[in-house]
Amino acid sequence: MPLLHLSLPSHRLLVGGRGRLFFPSSPRRICLSVRAAGDAAVSVAAGAYGLPFRPEGAAHHRELSAAVAVVERACCLCVDVKRSLFSRRSSILEKNDQSPVTVADFGVQALISLELQRLFPSIPLVAEEDSASLRSSKADDNSSDILVESIFSAVVDKVSNNGSHLTQDDVLRAIDRGGKDAVSFDSNPATYWVLDPIDGTKGFLRGNDALYVVGLALVVNGKVTVGVMGCPNWTNDDIVNKKDDSVAACNGRGILMVSHIGCGTWSRRLSADIGQFNTAQDIWKRCFVDTCSIAHMAHYCIPDSQTWDMIPLSATYDSTTDATDPRNENEILLLSVFCGSLCKYLTIASGRASVFVLQALPTTQIKSWDHAVGVICVQEAGGQTSDWSGEPLDLAADLTSRRIIYPRGGVLVTNGALHDKLVEMISASYK
């Protein structure tokens, strides 16, 4: 088997058509037998993490199997970190946009980056975080050493092969592999991963009732083809085992949702012991959006940072957050218990809500990782996603980095049955 020699730069990759990688510099060289090592590792992941559909009908089943494995381990990392989070003030940083970032955000990104690089070294990663704040803090503040050590410990505990040869610099480089300066695309179609290490960090910090999601998607030629979302504190109505206090099973909590283009959206409970569970297909449940076709009877979600009067539909409907209130045809129910955009996608794909609507604001960029995995999970569950004009979200609009999307007006996610009607209503009110 011939070896593929790759020159790895210190921090930046260039991506050409079809996701090919070009290296502008050669600080060190490694030899990778991609088929011998990568395929064997992915085969192990696929065998351990059975999918609910046959691989023959899923062109990217290898990538999905690997994504399921690593997202589930990432969820376990989140639960472990959350247990000790509030005992360490140094476990939380504030980014330039005043949003919080935690050991779990960095740890999940490092863990998933390391695993994907090991299994699919030629596929780049677009992700939310980078290590700049860690490195700058480390230079100025000794307490940041504790933060970096905490991130390292969390990752080593979950990475394959027990992280026996992993260093802190390896972990920081893994974080940066998905950062804003890591990869440059061109105008040609590309294949790449999109990761939100924790969507809903404020919810992660708030407590058990606020949802948060680890979201990973594979984009191929501009289309999301594979998606995995893990939500460790999702309440499963049909699974309750109060005697089980394991990391993912407390009070029947935890969901793993997977989707592959053309194969549907499926979910199962997060494993109590990561990597040790029954792989029978009957543990998976097919997910479908709800069937509501009457706009005022639907259940709606909006971002935590926005209010109903910012949404054009408010010109037609008032809103209430009290499900016990009697409603007429001029009032809708607004669900307000979720944090983060992916939590809303998860809720719609599972049939617990009908509509998620978000307004694009001139002061806020809409990031690809807040939507990519949700798009395919809702789509394969029977729903629909578009901008306010009804056009699909363009993940390639940001030509060089694939990090920002520019939906006209905003984002509309529905159960499909309501989509055309709501686009028409929004278009009539939105200027």
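Which strands does helix 8 lie across, and at about how many degrees does helix 8 run to strand 11? Let's get there by way of the ground rules. This is a predicted model, so to speak, with local features needing pLDDT of at least 70 and side-chain atom pairs counting only at pLDDT 80 or more, while totals for chains, interfaces and linings use all residues. Residues are numbered from 1 along each chain as its sequence is written, and side-chain values use heavy atoms, with hydrogens and water left out. pLDDT is the predictor's confidence in each residue, from 0 to 100. The protein chain has a mean pLDDT of 81, and 74% of its residues reach 70 or more. Residues 1–14 have pLDDT below 50, and in the model this stretch has 48 contacts beyond near neighbours in sequence; contact here means heavy atoms within 4.5 Å. Over residues 274–282 pLDDT also stays under 50, with 16 contacts beyond four places in sequence.

Now for the seven-stranded sheet. This open sheet has the order 7-9-10-11-12-13-14 and mixed pairing. Helices (H or I, at least four residues) and strands (E, at least two) are DSSP runs, numbered from the N terminus, and two strands pair if DSSP finds at least two bridges between them. Strand 7 (125–127) and strand 14 (285–287) are at the edges with a single partner strand each, so one side of each has no neighbour in the sheet. On average, neighbouring strands of this sheet are turned by 20 degrees against each other, direction ignored. Strand 10 (residues 213–220) runs antiparallel to strand 11 (residues 223–235), and seven bridges join them. Within strand 11, G227 is the residue that stands opposite A217.

Back to the opening question: helix 8 lies across strand 9 (191–199), strand 10, strand 11, strand 12 (253–260) and strand 14, and runs at about 95 degrees to strand 11. Helix 9 (residues 372–380) packs on the sheet too, touching strands that include strand 13 (264–269), and its direction makes about 95 degrees with that of strand 11. Axes are lines fitted to C-alpha atoms, for helices over the stretch in contact, and angles run from 0 to 180 degrees between N-to-C directions.

Next comes the six-stranded sheet, also open and mixed in its pairing, with the order 16-17-15-18-22-20. Strand 16 (318–320) and strand 20 (384–387) each have a single partner strand, so one side of each is left without a neighbour in the sheet. Strand 16 pairs with strand 17 (residues 331–335) in the parallel sense over three bridges, and the bridge partner of S319 in strand 17 is I332.

Helix 8 (residues 341–349) turns up here as well, lying across strand 15 (299–301), strand 18 (355–359), strand 20 and strand 22 (410–414), at about 155 degrees to strand 18. Helix 10 (residues 419–429) packs on this sheet, and its direction makes about 150 degrees with that of strand 22.
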